[in-house]
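Hello,

Here is the structure for you to look through. My notes on it follow below.

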Amino acid sequence: MTKPLANRIALVTGASRGIGFATARALAKAGAHIVAVARTQGGLEELDDEIRKDGGSATLVPLNLTDSDGIARLGAGLHERYGKLDILVGNAGVLGPSSPIGHIELKAFNDVMAVNVSANFQLIRCMEPLLKQSDAGRAVFITSGAANKATAYVSPYAASKAALETLARAWAQENANTKLRVNLFNPGPIRTRMRATLMPGEDPATLDTPEQVAEFIVPMCAPDWTETGKFYDYKTRSLMSFRAPA
């Protein structure tokens, strides 16, 4: 049986656990070769084991995404090896402090921005030329409802996701007349370590799993996905357009 993503190269950040792990595995099952990026070597090796069990293949890249030069080297390495990139899933993110704004140290704020915004900015800069070499480059960034709700007590996280959304939307507009499609995906509350940290009293059994979410991300990475600059809301299973405030 032909796999829909056969011969496609997919870069997934934050691939050592949670939604990144599940999405990388799902993309591999669909036929893509996975370039898995994460800080945790052990988690990457576990992913590699699962992908191999499924009959897929992966390249493991232990990398802290705050290392902008490391991202640039990764782009150069992908260019040398493959000459293109078909799929970029910007999943890596950190929650940061849960406190009133006045209690948050500047370093803690900057640390959240470094991973959730600046790293994705550098990924865009370094991977855009490779994505444009694809016959159907696709980019999906994982966002959060906190961005538009301006959720109290997680202001660095909420602000970072709002910035990420604007960055991705601007990139989509810049590439409206190319073959590159750029979209955002909001998973909502999912059974992940980040959610457990934020809501320690919540019963995880009441939440959907990363594997369930991944099944909805994979179609957005396929060549036949044509929408761009849109927002997929997993909870409502709907693709939304951004609108100016009323």
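**What was found**

Leaving aside neighbours within four places in sequence, Asn186 is in contact with Thr143, Ser144, Gly145, Phe231, Tyr232, Asp233 and Tyr234. Please keep in mind that this is a predicted model. Asn186 lies in strand 6, which covers residues 181–186. Its relative accessibility is 8%, so Asn186 counts as buried.

Another buried residue to look at is Ala15, with a relative accessibility of 0%. Ala15 sits in the loop between strand 1 (9–13) and helix 1 (18–29). Not counting residues up to four places away in sequence, Ala15 touches Gly20, Phe21, Ala36, Val37, Ala38, Leu44 and Leu47. You can also compare the position of Ala15 with that of Thr40: they are 25 residues apart in sequence, and their C-alpha atoms are 9.0 Å apart in space.

Next, the cysteines. How many disulfides are there? The count comes to zero. Cys126 is in no disulfide, and the nearest cysteine sulfur, that of Cys221, is 20 Å away. A disulfide needs two cysteine sulfur atoms within 2.5 Å, and the sulfur of Cys221 is 20 Å from the closest cysteine sulfur, in Cys126, so the distance is too far for a bond. Cys126 is buried, with a relative accessible area of 15%. Cys221 is buried too, with a relative accessible area of 1%.

Now the loop between helix 5 (146–149) and helix 6, where Ala150 is found. Tyr153 lies in the loop between helix 5 and helix 6 as well. What is the sign of phi in Ala150? Phi of Ala150 is positive, at about 50°, although Ala150 is not a glycine. Tyr153, also a residue other than glycine, has a positive phi near 75°. These values are worth noting because most residues other than glycine have a negative phi. Are these two residues buried or exposed? Ala150 counts as exposed, at 59% relative accessibility. Tyr153 is exposed, with a relative accessible area of 54%.

After that loop comes helix 6, made up of residues 155–174. Helix 6 has 20 residues and reaches 28 Å from its first C-alpha to its last, which is close to the 28 Å expected at 1.5 Å a residue. Which residues of helix 6 are buried? They are Ser155, Pro156, Tyr157, Ala158, Ser160, Lys161, Leu164, Glu165, Ala168, Trp171 and Ala172.

Last, a pocket. The second largest pocket has a volume of about 160 Å³. Its lining consists of Ala22, Arg25, Ala26, Lys29, Glu211, Ala214, Glu215, Val218 and Pro219. Which helices each supply at least two residues of this lining? Helix 1 and helix 8 (210–217) do. Helix 1 gives the largest share of the lining, four residues. By type, the lining residues of the second largest pocket divide into five nonpolar, no polar and four charged.

To find your way around, you could start at Asn186 in strand 6, go on to Ala150 in the loop between helix 5 and helix 6, and finish at the pocket lined by residues including Ala22 and Glu211.

Regards

Terms used: Residues numbered from 1 in each chain as written. Predicted model: local features only at pLDDT ≥ 70, side-chain atom pairs only at ≥ 80, totals over all residues. Heavy atoms only, no water. Buried < 20%, exposed > 50% of the residue type's maximum accessible area, 1.4 Å probe, protein only. Expected span 1.5 Å × (residues − 1). Contact = heavy atoms within 4.5 Å. 1 Å grid on protein atoms, 1.4 Å probe; cavity = no way out; pocket = protein on both sides within 12 Å on 5 of 7 lines; lining within 4 Å. Points joined across faces, edges and corners; volume = space filled by probe spheres on them. Nonpolar A, V, L, I, M, F, W, Y, C, P; charged D, E, K, R; others polar.
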